[in-house]
Every structure is written in C-alpha cells, then in structure tokens.
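The exercises below are meant to be worked with the sequence and the model side by side. Try each task before reading its solution.

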Amino acid sequence: MPQPLALWPNQAASEPNLTPCLLDDGKPHPLVLVLPGGGYGHLAPHEAEPVAQAFNAHGFHAAVLRYRLGPTHRHPLPLNDAQRAIRMIRARAAEWGVLDGRVAILGFSAGGHLASSATVHYDRFTAQDDDLVPAHSARPDAAILCYPVIDLEGKAAHTGSRRNLLGEQADAELVGRMSTHRHVNAQTPPTFLWHTADDGGVPVDNSLMFFSACRAHQVPAELHVYESGNHGLGLAPGQPYIATWVEHAAQFLHRHLSCSSPF
C-alpha cells in the first residue's frame with residue numbers, strides 16, 4: 001500500500017496528504033490526481049484509491065489528495081491543497097515518471113467543485129507559504145468532473161458544500177466567485193463531465209452549466225448524462241452502463257494529454 005506524503009513542509013503525513021499510486025512498468029505516464037467527494041465535510045473512501053487504481057489500469061499514474069475540510073478549514077485552504085498537490089507532482093515528475101509533468105485533476109461531487117476550482121482559479125488564492133509557486137504551475141492539463149458541485153448561489157446549489165466551504169454567512173461576492181462556471185475562460189483546460197439526469201443530491205444542472213461555459217469559451221469539453229442513477233456512484237459497481245464513464249474519461253485524457261505540456 002502506498003504511503004501518504006505530507007502536503008506542506010514541516011507537517012506530519014496526516015491530512016492534508018498526497019498518496020501516490022504509480023505504475024511500475026518503468027515508462028513515463030501522465031498522472032491523474034483524484035479528489036474524493038463528501039460535501040467538504042468528509043472524504044468518501046470509494047472515490048479515492050479504487051478510482052486511482054481504475055485509472056492505473058488505463059495507463060495512468062494516479063495520486064489521491066486528502067484535502068482539508070470544513071467547517072474547520074474553509075476557503076481557500078482546500079484550493080491551496082489542490083494547487084500544492086499539482087505543484088508537488090510536477091516537482092517530482094522525473095522521480096515518479098510523470099510524462100512531461102502532465103497532470104489531470106479528477107473530482108467527485110464536492111471534490112468535483114474543488115477540481116473545477118483548480119481549473120478556473122489555479123493562479124488565484126495562492127498560499128503565501130507555498131514554496132513551489134515560482135517553479136511549477138498549478139494549472140491542470142485536463143479535468144474530469146464527476147457529478148460535480150459547480151453552482152453555489154442558485155437553485156442548483158449544494159447548500160451543505162457551500163456552508164462547509166464558505167460558512168453560514170458567506171459574502172455574496174465570494175459565493176459568486178466560487179460558482180465556478182462563472183469563471184471559465186479560454187485558459188480553462190479540456191474538461192470531461194458526467195452526471196445522472198435524476199441525481200437527487202447534486203442536480204445535473206451543475207454539469208450542464210459548466211459544460212455550457214466551456215462551449216461559450218471554446219474549451220474542449222465532453223459531457224455524459226446517464227438516464228438514471230443515485231448520487232455518489234463512484235466507479236458505479238454493479239451498474240455496467242454507468243461504469244462506462246471510466247473508459248470514456250480515459251480516452252478523453254489520452255487524447256488531450258498526448259502532447260508536450262507548456263507548463
């Protein structure tokens with residue numbers, strides 16, 4: 001079992017941490033950074049190492065980020081952890097065999113919100129004590145958003161995630177800033193999204209809004225909406241129709257991570 005690495009200097013390897021799940025074939029591969037969901041209040045185990053191993057099977061290195069959670073650790077601390085993890089992976093690219101330092105970010109539910117935040121705010125809210133900032137970009141090269149929380153201010157908002165991340169009395173400007181579809185631009189990396197049409201936890205409108213924003217800014221994007229399925233499916237064991245998302249996402253990543261990174 002891989003051992004977690006402390007994310008920040010002078011901290012023990014407890015949360016937040018990064019657990020590498022690397023292929024051992026001696027070849028360079030892109031890496032998928034996995035962010036479990038849990039409403040910014042906990043981290044779902046079935047959306048962690050099992051997902052990393054599934055992408056290992058498709059030819060990717062992977063790593064699992066256990067980021068800081070609310071209500072104790074609020075914005076921007078989870079985003080700082082995601083930014084730091086991407087920079088740490090790039091700093092260890094030669095050691096870990098990460099192809100051209102290429103990193104995709106993958107998140108479920110609230111982890112999908114954090115992943116989308118990393119795609120649109122990769123150069124904002126930066127931690128002052130992140131010593132890797134000068135040498136390594138925190139911009140992901142691609143994103144996989146799985147039934148993500150996107151909107152924090154409208155009817156489709158997931159209020160539990162908003163409360164844990166931003167607090168009960170969050171400033172309206174900050175809520176808008178963290179409704180990530182509003183901040184997609186031409187520099188947003190290629191993005192794959194999937195959702196179920198009748199998701200009762202996080203409405204499918206969240207994925208639709210982010211996908212529409214990508215289209216408006218000519219960001220390469222792919223969206224899969226499955227007819228029916230409950231929230232929090234992860235790899236969707238026992239539901240082979242929905243479980244196809246892994247293959248589709250892997251193909252998307254192979255298409256978009258095949259060239260040399262500008263970062």
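**Exercise 1.** Is Val120 buried or exposed?

*Solution.* Before starting, note that this is a predicted model, in which local features need pLDDT of at least 70 and side-chain atom pairs count only at pLDDT 80 or more, while totals for chains, interfaces and linings use all residues. Residues are numbered from 1 along each chain as its sequence is written, and side-chain values use heavy atoms, with hydrogens and water left out.

Step 1: locate Val120 in helix α4, where helices (H or I, at least four residues) and strands (E, at least two) are DSSP runs numbered from the N terminus. Step 2: apply the accessibility classes, in which buried means under 20% relative accessible area, exposed over 50%, and partly exposed in between, with a 1.4 Å probe and protein chains only. Because its relative accessible area is 3%, Val120 is buried. Step 3: list its contacts, a contact being heavy atoms within 4.5 Å. Leaving aside neighbours within four places in sequence, Val120 is in contact with Thr180, His183, Val184, Thr188 and Phe210. Of these, His183 is 63 residues from Val120 along the chain, yet their C-alpha atoms are separated by 5.9 Å.

**Exercise 2.** Describe how helices α2 and α4 pack against each other.

*Solution.* Two packed helices are described by the angle between their axes and the distance between the axes. Step 1: take the axes as lines fitted to C-alpha atoms, for helices over the stretch in contact, with angles running from 0 to 180 degrees between N-to-C directions. For α2 and α4 (residues 110–120) the angle is about 65° and the axes are 10 Å apart. Step 2: classify the angle. This makes α2 roughly perpendicular to α4, since angles under 35 degrees count as roughly parallel, over 145 as roughly antiparallel, 65 to 115 as roughly perpendicular and the rest as oblique. Step 3: identify the residues that meet, which are Pro78, Leu79 and Ala82 in α2 and Leu114, Ser117 and Ala118 in α4. By class, this contact has five nonpolar, one polar and no charged residues, where Ala, Val, Leu, Ile, Met, Phe, Trp, Tyr, Cys and Pro count as nonpolar, Asp, Glu, Lys and Arg as charged, and the others, Gly among them, as polar.

Step 4: look at another residue of helix α2 (residues 77–91), namely Gln83. With a relative accessibility of 1%, Gln83 counts as buried, and, not counting residues up to four places away in sequence, Gln83 touches His121, Tyr122, Arg124, Phe125, Thr126, Ala127 and Ala138.

**Exercise 3.** Compile the environments of His61 and His158.

*Solution.* Step 1: place each residue. His61 is in strand β4, whereas His158 lies in the loop between β6 (142–146) and α5 (159–166). Step 2: read the accessibility. His61 is buried, at a relative accessible area of 1%, while His158, at 23%, counts as partly exposed. Step 3: examine the polar contacts, each being a pair of N or O atoms within 3.5 Å; within protein, one must be able to donate a hydrogen and the other to accept it, and residues adjacent in sequence count only if both atoms are side-chain atoms. The side chain of His61 reaches the backbone nitrogen of Leu23 at 3.0 Å, and a polar contact of 2.7 Å joins the side chains of His158 and Ser161. Step 4: add the contacts beyond four places in sequence. For His61 they include Cys21, Leu22, Asn56 and Trp96; for His158 they are Val149, Asp151, Gly201 and Val202.

**Exercise 4.** Find backbone geometry that departs from the usual pattern.

*Solution.* Most residues other than glycine have a negative phi, and most peptide bonds are trans. Step 1: check the peptide bonds. The bond from Gly70 to Pro71 is cis, with omega near 0°, and the bond from His75 to Pro76 is cis, with omega near 10°. Pro71 lies in the loop between β4 and α2, and that loop also holds Pro76. Step 2: check phi. Asn10 has a positive phi, near 65°, and Ala236 has one near 60°. Step 3: compare their settings. Asn10, in the loop between β1 (5–6) and β2, is exposed at 84% relative accessible area, whereas Ala236, in the loop between β8 (221–226) and α8 (240–243), is buried at 2%.
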